[in-house]
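Please examine the structure shown below with its sequence alongside. The explanation after it treats a few local features in turn.

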Amino acid sequence: MTREAIDEFRRFQRDKEVNSQLYSKLTVRGKVQVKSSDIQVGDLIIVEKNQRIPSDMVFLRTSEKAGSCFIRTDQLDGETDWKLKVAVSCTQRLPALGDLFSINAYVYAQKPQMDIHSFEGTFTREDSDPPIHESLSIENTLWASTIVASGTVIGVVIYTGKETRSVMNTSNPKNKVGLLDLELNRLTKALFLALVALSVVMVTLQGFVGPWYRNLFRFLLLFSYIIPISLRVNLDMGKAVYGWMMMKDENIPGTVVRTSTIPEELGRLVYLLTDKTGTLTQNEMIFKRLHLGTVSYGADTMDEIQSHVRDSYSQMQSQAGGSNAGSTPPRKAQSSAPKVRKSVSSRIHEAVKAIVLCHNVTPVYESRAGVTGETEFAEADQDFSDENRTYQASSPDEVALVQWTESVGLTLVSRDLTSMQLKTPSGQVLSFCILQLFPFTSESKRMGIIVRDESTAEITFYMKGADVAMSPIVQYNDWLEEECGNMAREGLRTLVVAKKALTEEQYQDFESRYTQAKLSMHDRALKVAAVVESLEREMELLCLTGVEDQLQADVRPTLEMLRNAGIKIWMLTGDKLETATCIAKSSHLVSRTQDIHIFRQVTSRGEAHLELNAFRRKHDCALVISGDSLEVCLKYYEHEFVELACQCPAVVCCRCSPTQKAHIVTLLQQHTGRRTCAIGDGGNDVSMIQAADCGIGIEGKEGKQASLAADFSIRQFRHIGRLLMVHGRNSYKRSAALGQFVMHRGLIISTMQAVFSSVFYFASVPLYQGFLMVGYATIYTMFPVFSLVLDQDVKPEMAMLYPELYKDLTKGRSLSFKTFLIWVFISIYQGGILMYGALVLFESEFVHVVAISFTALILTELLMVALTVRTWHWLMVVAEFLSLGCYVSSLAFLNEYFGIGRVSFGAFLDVAFITTVAFLWKVSAITVVSCLPLYVLKYLRRKLSPPSYCKLAS
């Protein structure tokens, strides 16, 4: 209780710290400091660079000239890249900050929703003539929990507290209780019933004479040792030891145990739910392949591309009038006669130019002095030094592409909302004007950009996207589909790049329709998409690019090991379907020979029904499903879907929101009743980690949020193998042995008491004095029993080599009613032998019965520990001899406790009697009779039906 109270208090302090952060609020009288807990809807809040955004806001102004800023969203959606946000142009154009109060305007926002990737609203300024209406979308919003990465921003608060997107996407954590604890609780209840039954039987045999209810209570107290009160203490100390062992293990450095109550859960897992980005992959992209249809370039032939790019630009310059005359004639010829095959060099040049123009990447220059002024000068002088340039984008793939074009000679040197500058290999700077940008969405699976070349005034529409989205748009070809398949099999993420030249008239017509569509309040997304699609026809296919997302170290062998251990692995990711499938193949989550069933997009009950039936016909194939389809299936066919998915060897859910991840975990727990484990590394995995029976966080690039919320925190994904196979397995087996042994310890002494009472006409007289009973449960037997937490059946190396050993544990056979009953029979047999033996062998003085039986009892317990141990540790031997020593030395000065009832005060245990041969042989005889049969049985069992670990150990 105290431990949990301390944890709660620490959480309270952390919350208080976050809620009392100060922010600048803009009022008519100037800036005022407010606590983040006092911010209300409608406030104008100023957020500085590197400050956390306190609530959901609409972005009104920024200090950046471009009217846009970057924010870091890693704590919201788990993506490490920066997102570009655009200020409302009406307020950005105002001359000064104070003018925000001189205009009459309002923001209309939709009701609070969970989806962090969408927003619909309008900004209306009424005091201008005519009133200005601006549409607000996701790029005009600043969600809470994100961090401003560039400039200072001013926003108007639209949602606070529980209505913010980040809070709506987190779930309440639950208190986690291990399965082993629940099982032991069940056994303890059974023991309590046994205690009541035994007491009633004793009173009945007495014949209900006299005040029988008083006797009933006396018996309840006498037999109360059946209930293992020291069980909780022993187990909690054991858990602390397991946690310490995990943290001290040199093979998994940096492991932290944050919830010390559930280490045994690690030994019972059946489902492992893992995040993809940053958990299985490093989230570092590397450009691997460029395919032009007839020729393919890999990592080793990039220098050829470099020379082609250099040649094509030097040709352009060498021709009269710089690039003008050089680039126009060939194009004219080409547009009139498309039959002319272009040279490889010009095709490479076109492809590289398209890649360097079609993206959402912004080069950022860190000025050495760290002052923004210097950056401004740098831009004015066109002095874009390569050393301090970094690229920022909303997707690491795009950064990889732009970094690659830089390596082959065409460099993106600056970018704002309306223009882009490139630097050629010779150092000449080319300017392009950005006319329109169509960002990537999960529905369209593509992004486009319309640019005008400043030198030639040509307008070009570039587009890149997933092969499924692009293949119907580009002109007919015979290689795209096949090459995409080849690259995907290598585990590369593919993007198809295409272009289309536009005339000025075509563009003007498009622009007017596009603006009109963007202002509609109903079905805005559909109308905008329809207008853009009118352009996306018969585009010229330029190239196919392949980018590799590198896997974390040893992901493949670790997944292989977990699969052999009988753990089913589900990958839940917020990423695209293609990427997720691709990583599932390259990490061998889905083995090479396995089929993959991609669950079609379903929106209604009927579609879901048909698709589930189609899936039911397939056997032994991995399932890939998107978050939206999953939602529909769970709404109508929850039970059927979970049942089918659980039969799959692997399941991949893509485009999952944080709450969906947590929902899947709870579904698995409810439907299968098995133990689940969730592992992730970003803020978007927290809900899933808290919902699982056992949450593991990885300290990754995405911050520490997941590792702080988790029960166990590790540094790398591969550490999970040892954590489960070695530590999880040992914790469970040790706790099971320890728990049952503590119960046995109480049962054996209660059996002796029962035998004693029934021999002496059911008298409710205690057999042993209080001090002996306390000593029995503590100093005489505690160390050897507790030393069972050091026991191991196989060496760690063996457990890692044969993960199949882990599979046995999920059946829960180390602690079940069967094993418990075996221990109960052992206790009854031993208790009976010890007591009857002492009564049969005692001589005329009845006094010695206590001394003989108690000594035999202690020896029996020590021998039983020795019998249970599977691998000896030097501390166990020390514990055994220490306890024996304690007992022998206490015989000397605790002699008055070895009497019976009232007699004890007159009958001192003479040391002379203990040292006689008679005492020694009687004690030895009783102990041998109580323990030898068990040793024989254990030996026979190991010979005739050895458990799986014995076969390996030998």
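The paragraphs that follow consider cysteines, a pair of helices and a glutamate.

The model is a predicted one, and the account begins with its cysteines. A disulfide requires two cysteine sulfur atoms within 2.5 Å, and by this rule the count comes to 0 disulfides. C90 illustrates the result: the closest cysteine sulfur to its own belongs to C69 and lies 18 Å away, which is too far for a bond. The residue is also buried, because its relative accessibility is 3%, and the limit for that class is under 20%.

C653 presents a shorter separation. Its sulfur is 4.8 Å from that of C656, the closest cysteine sulfur, yet this too is too far for a bond. With a relative accessibility of 2%, C653 counts as buried. C656 counts as buried as well, at 7% relative accessibility.

The surroundings of C656 can be described further. The residue is located in the loop that runs between strand 29 (650-654) and helix 21 (658-672). When neighbours within four places in sequence are set aside, the contacts of C656 are T573, G574, K661 and I664. C656 can also be related to N684: 28 residues separate the two in sequence, and their C-alpha atoms are 9.7 Å apart in space.

Attention now turns to helix packing. How do helix 10 and helix 12 pack, and at what angle? Helix 10 comprises residues 344-357 and helix 12 comprises residues 396-407; their axes are 9 Å apart and form an angle of about 135 degrees. The two helices are therefore oblique to each other, since an angle counts as roughly antiparallel only when it is over 145 degrees and as roughly perpendicular only from 65 to 115. The handedness of the crossing between helix 10 and helix 12 is left-handed.

The residues that form this contact can be named. Helix 10 contributes V352, I355 and V356, which meet L401, W404 and T405 of helix 12. Classified by residue type, the contact of helix 10 with helix 12 consists of 5 nonpolar residues and 1 polar residue, with no charged residues.

The final site is E183, which has its place in helix 5 (residues 179-206). Is this glutamate buried or exposed? E183 counts as buried, because its relative accessibility is 11%. Apart from residues up to four places away in sequence, E183 touches R268 and L815.

How values were computed: Residues numbered from 1 in each chain as written. Predicted model: local features only at pLDDT ≥ 70, side-chain atom pairs only at ≥ 80, totals over all residues. Heavy atoms only, no water. Buried < 20%, exposed > 50% of the residue type's maximum accessible area, 1.4 Å probe, protein only. Helix = DSSP H or I, 4+ residues; strand = E, 2+ residues; numbered from the N terminus. Contact = heavy atoms within 4.5 Å. Axes fitted to C-alpha atoms, helices over the stretch in contact; angles between N-to-C directions. Parallel < 35°, antiparallel > 145°, perpendicular 65-115°, else oblique. Left-handed = near helix turned anticlockwise from the far one by under 90°. Nonpolar A, V, L, I, M, F, W, Y, C, P; charged D, E, K, R; others polar.
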